[in-house]
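Dear colleague,

Please find below the structure that I am handing over to you. A short account of what was found in it follows.

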Amino acid sequence: MNPETSVRTPKLDLNDSASFGPFVLYFAWGFVDLTISSWVYWTLSQLTQDMNELGRFAGLYKSVQAGGAAIAWYMGSMDAASQLFVCWGIFLVLSFGCCSPFYVLFTICC
């Protein structure tokens with residue numbers, strides 16, 4: 001259901017030719033998600049051979065991923081402009097404010 005108009009949106013039917021584009025888009029999203037996750041796990045495995053440290057790295061990655069999923073779920077009810085501003089704000093805060101201290105912390109402590 002469309003929350004702005006309260007009109008029920010039609011379901012996609014794979015036998016309909018109009019559903020080909022959304023199907024390719026969903027498939028591409030899934031493939032990109034799989035590729036990025038595999039690349040991140042491979043990158044984490046290249047950082048060290050210590051299993052305890054790899055466990056900490058994987059836990060940090062999964063916690064950031066879960067936090068992003070929670071924020072994305074909340075942002076589903078926002079309009080597109082607000083979503084854009086929130087995404088840029090999160091990107092700037094995490095890029096410059098949070099990631100460098102975590103990198104320094106793991107470099108020093110682990």
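**Aromatic pairs and a surface patch**

A search of the whole structure, which is a predicted model, finds three aromatic pairs. Two of them are described here.

Tyrosine 41 and tyrosine 61 form an edge-to-face pair, with 5.2 Å from centre to centre and 80 degrees between the planes. Because tyrosine 41 lies in helix H1 and tyrosine 61 in helix H2 (residues 51-75), this pair ties together parts that are 20 residues apart in sequence. Are the two rings buried or exposed? Tyrosine 41 is partly exposed, at a relative accessible area of 36%, whereas tyrosine 61 is buried, at 18%; the cut-off for buried is under 20%.

Tryptophan 88 and phenylalanine 91 also form an edge-to-face pair, with 5.6 Å from centre to centre and 90 degrees between the planes. Both residues belong to helix H3 (residues 80-109), and because they are three residues apart there, about one helical turn separates them. Phenylalanine 91 is partly exposed, with a relative accessible area of 47%.

I would also draw your attention to the surface. Leu14, Phe20, Phe23, Val24, Phe27, Phe31, Val32, Leu34 and Ile36 form a nonpolar patch there, and together they have about 980 Å² of accessible area. One of these residues, phenylalanine 27, is located in helix H1 (residues 20-47). Phenylalanine 27 counts as exposed because its relative accessibility is 56%, and the cut-off for exposed is over 50%.

With kind regards

Notes:
Residues are numbered from 1 along each chain as its sequence is written. This is a predicted model: local features need pLDDT of at least 70, side-chain atom pairs count only at pLDDT 80 or more; totals for chains, interfaces and linings use all residues. Side-chain values use heavy atoms; hydrogens and water are left out. Patches are made of residues with over 30% relative accessible area and no salt bridge: like charges are joined within 9 Å, nonpolar side chains (Val, Leu, Ile, Met, Phe, Trp, Tyr) within 5 Å. Accessible areas come from the Shrake-Rupley method with a 1.4 Å probe; for residues, only the protein chains shown count as cover. A salt bridge is a side-chain nitrogen of Lys or Arg within 4 Å of a carboxyl oxygen of Asp or Glu. Helices (H or I, at least four residues) and strands (E, at least two) are DSSP runs, numbered from the N terminus. Buried means under 20% relative accessible area, exposed over 50%, partly exposed in between (1.4 Å probe, protein chains only). Rings of Phe, Tyr and Trp (its six-membered ring) pair if their centres lie within 6.5 Å; planes under 30 degrees apart count as stacked, over 60 as edge-to-face and the rest as tilted.
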